[in-house]
Each structure stands twice: as structure tokens, then as C-alpha cells.
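This report describes selected features of one protein chain. The sequence and the structure are shown first, and the description follows.

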Amino acid sequence: MIPNIHLPMRSLGVKNRTSVDDIKSLRLITAVKTPYLPDGRFDLEAYDSLIHMQIINGAEGVIVGGTTGEGHLMSWDEHIMLIGHTVNCFGTSIRVIGNTGSNSTGEAVHATEQGFAVGMHAALHINPYYGKTSLEGMVSHFEAVLSMGPTIIYNVPSRTGQDIPPMVIHTILQNPNMAGVKECMGNDRIKGYVDKGIVIWSGNDDECHDSRWAFGATGVISVASNLVPGLMHELMFEGKNPSLNSKLMPLIKWLFQEPNPIGLNTALAQLGVIRPVFRLPYVPLPRARRLEFVRIVESLGCENFIGEKDVEVLDDDDFILVGRY
């Protein structure tokens, strides 16, 4: 293999605003939603409000432009702009982790250079999807991006079509920028890593309580915390709480009845904290499901949800679907 002589777009001594150990200590990281204006452009006013609500409710980090944030529906210009905007406005109050992963190693390297150049604290990287590679290729892919700064590896075979097996993680652990793994393969996998001293975040809201308190995970990278950050903070910080965990299950199951972020986008619109605008191919949940969400909010307590408006069902005609953006 040709040696990697490509230098990162930053001073090795100055620009790294946070240490790998700082990233390893984060317990509640929210995979934040990206809201839109009616023409499909970013609604930065609504976005800033979402980030502010995460900060005041105790989230320690945000994933910008992840699956939940619809990074796959963004141009790279939009993507890097949103990372830079988040750092500029909130980087002293919350850790900004940019999803700069790609199935193209060259793209991932370039985006990660740019992300660290605009100040992100860490990168999130997925394994190459669709055009899958060998295990040796996977290792080489991760090694190409790990040189640039603190990195969380994201394993979600349901989306990539390929598991990142422990052998790959153990091989890249020697890199000092390796912060840990967002793991979606369940608590047995998490326990195996934790027993070897590897930092793990659960990628599954429905398992994260047990991941944290029974299997040793550091915390969760959460979708549900977009809606109930205070309750998710309590779940991750205040010890075992099976009662709260059980109370959250109807919401979590509702969120994931269709592929994420369809449920979350619908819920945030019903709460009135974002405009009811969807970038296709995502479309809102049907009215019957929206009625279910109203009942869930009433059951959990509207005071536990973000926003100051009453939850609404919304009519089908209230939603705007944008196909050109």
C-alpha cells in the first residue's frame, strides 16, 4: 500500500480543540435533526433552537449530519457548513461530532479534513456501504481517516449491509485517535468490547439503559433525546431506572416503526419546533400514527418534551415534501 503522505488541513499542534479522552467521557450524545425551510434549505433558526434545547437539558455532544440529521441528503458543502455553524455558535457548550464518513475513502478523508478545519471536536465514521470491501480494506479505510483527529466508529449493519467485526476494531485500537464505537449489534457485543477496555456507546435507544448500567457502555448516541433530552439525561446519568426505561419504550417503539428519521421528523413537526418540511425520499407518518404520538406525549407528560407549543396531529396537507434541494 502506498504510504499516506496526505497532510491534514490543520496544524497538528493547535487545531485539535478536544482530546480523545474528552470524547470518551461523553454519556449523552444526540444525533440531532436538521430542519428545513419550505424551499428545502436549512432552517438555521430552528436548528439553533434544537441545539440550545439539547444544551440546557444536559446533552454533552451532538452528531451533526448523521443518519438522523440526514447527512446523506446533503451536499458536502451543506454538510461542512452545518458542522462549522454548529461549532461557531455552540462549540464552547457542547461537543460537535461531525459525520464525515463515506463509502469512498477519498471522500471521507477530504470531508474529515474539512470538518476538523472548521473546528469539529471529533468525527463519526461508518464502514464502506453498498460498494462493500474486505476486512483488510475496512481496516485501511479507517486508518486513512483516523490520522486526523478523535474518531468514533459507527457499526450499523442494518444500514451498511456489512458488520464491523471485533477483529477490525481491535486492529485499529492502536491508533491514539480511536475514541470508541457506536455499536448497534446488541449488548453481548457491547459487553465483549467493554471487557477489553474499549469505549462503547449504544446506538439503540431501546437497549441503552441496560447497555449503560448492566453491560458497561459509556452512554448512548440517541435519537429519542431529540424529543425528551431531560429524560434521556436522567436515564444515562442517574443510575439504574427500569421504571423510567419502561415508560420510554412506547415512544422509542413509535419512533422506529418506520426507518429513522421518519418518526422523529414527524414528531418534531407535531411539537411545533420545526416546520413540517421533508426532504424526499422521507415522508411523514400517516394520521393514525400521528394520533398515537399525541397520546404518547400526553402519557409521558408534555413538560418532558422539547418546545413550548401543544402537540398537534396536523393535517396531511400541512406537510411539504421537497424533491429538489
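## Annotated site, cores and selected elements

Lys182 is placed in strand 6, which covers residues 178–183. The model is a predicted one. Lys182 is buried, with a relative accessible area of 8%. Beyond residues up to four places away in sequence, Lys182 touches Ile152, Ile153, Tyr154, Asn155, Trp201, Gly203 and Ile221.

Together with Tyr154, Lys182 is listed by UniProt under "active site", in an unreviewed entry. These two residues span 29 residues in sequence, yet their C-alpha atoms are no more than 4.7 Å apart, so they gather at one spot. Both Tyr154 and Lys182 belong to the lining of the largest pocket.

Tyr154 itself lies in strand 5 (residues 151–155). Its relative accessible area is 9%, and Tyr154 is therefore buried, the cut-off being under 20%. Apart from residues up to four places away in sequence, Tyr154 touches Thr67, Leu124, His125, Ile126, Asn127, Ile164, Lys182 and Cys184.

### Nonpolar cores

The largest nonpolar core has 66 residues. Those with the most contacts inside this core are Leu227, Met232, Leu248, Leu251, Phe293 and Phe305. Helix 11 (residues 242–255) supplies the largest share of the core, with 7 residues. Leu248 is in contact with Val228, Leu231, Met232, Leu235 and Leu300, leaving aside neighbours within four places in sequence. There is also a second, separate core of 18 residues, which includes Ile23, Leu26, Tyr154 and Val199. The annotated Tyr154 is thus named among the residues of this second core.

### Helices 2 and 4

Two helices can be set side by side.

| Helix | Residues | Number of residues | Span, first to last C-alpha | Expected span |
|---|---|---|---|---|
| Helix 2 | 44–56 | 13 residues | 18 Å | 18 Å |
| Helix 4 | 105–117 | 13 residues | 18 Å | 18 Å |

In helix 2, the buried residues are Ala46, Tyr47, Leu50, Ile51, Met53 and Gln54. Viewed down the helix axis, these residues fall within an arc of 160°, so they line one face of helix 2. Glu45 and Ile56, on the other side of helix 2, are exposed. The buried residues of helix 2 pack against strand 1 (28–31), strand 2 (61–64), helix 3 (76–90) and helix 10 (229–237). Just after helix 2, Gly58 adopts a positive phi of about 95°.

In helix 4, the buried residues are Ala108, Val109, Ala111, Thr112, Glu113, Gly115 and Phe116. Their cover includes helix 3, strand 4 (122–126) and helix 5 (135–146). Helix 3 is therefore named both among the elements that pack against the buried residues of helix 2 and in the cover of those of helix 4, under a contact limit of heavy atoms within 4.5 Å. A glycine follows here too: Gly119, just after helix 4, takes a positive phi of about 105°.

### Ser222, Asn204 and Asp315

Ser222 is found in strand 8 (residues 219–222). With a relative accessible area of 0%, Ser222 is buried. Ser222 and Thr30 are separated by 192 residues in sequence, while their C-alpha atoms are 4.9 Å apart in space. Thr30 is also one of the residues that Ser222 touches; the others are Leu28, Ile29, Ala31, Asp205 and Met232, not counting residues up to four places away in sequence. Among these partners, Met232 is one of the residues with the most contacts inside the largest nonpolar core.

Asn204 sits in the loop between strand 7 (200–202) and helix 9 (208–213). Although it is a loop residue, Asn204 is buried, with a relative accessible area of 18%. Leaving aside neighbours within four places in sequence, Asn204 is in contact with Cys184 and Gly186. Cys184 is also listed among the residues that Tyr154 touches.

Asp315 lies in the loop between helix 13 (287–300) and strand 10 (320–322). At 44% relative accessibility, Asp315 counts as partly exposed. Asp315 and Pro286 are 29 residues apart in sequence and 9.5 Å apart in space, C-alpha to C-alpha. Not counting residues up to four places away in sequence, Asp315 touches Arg287 and Arg290.

Notes: Residues numbered from 1 in each chain as written. Predicted model: local features only at pLDDT ≥ 70, side-chain atom pairs only at ≥ 80, totals over all residues. Heavy atoms only, no water. UniProt positions renumbered as here; feature names shortened; annotations may be inferred. 1 Å grid on protein atoms, 1.4 Å probe; cavity = no way out; pocket = protein on both sides within 12 Å on 5 of 7 lines; lining within 4 Å. Helix = DSSP H or I, 4+ residues; strand = E, 2+ residues; numbered from the N terminus. Buried < 20%, exposed > 50% of the residue type's maximum accessible area, 1.4 Å probe, protein only. Core = buried A, V, L, I, M, F, W, Y, C linked by side-chain atoms within 4.5 Å. Expected span 1.5 Å × (residues − 1). Arc of directions from axis to C-beta.
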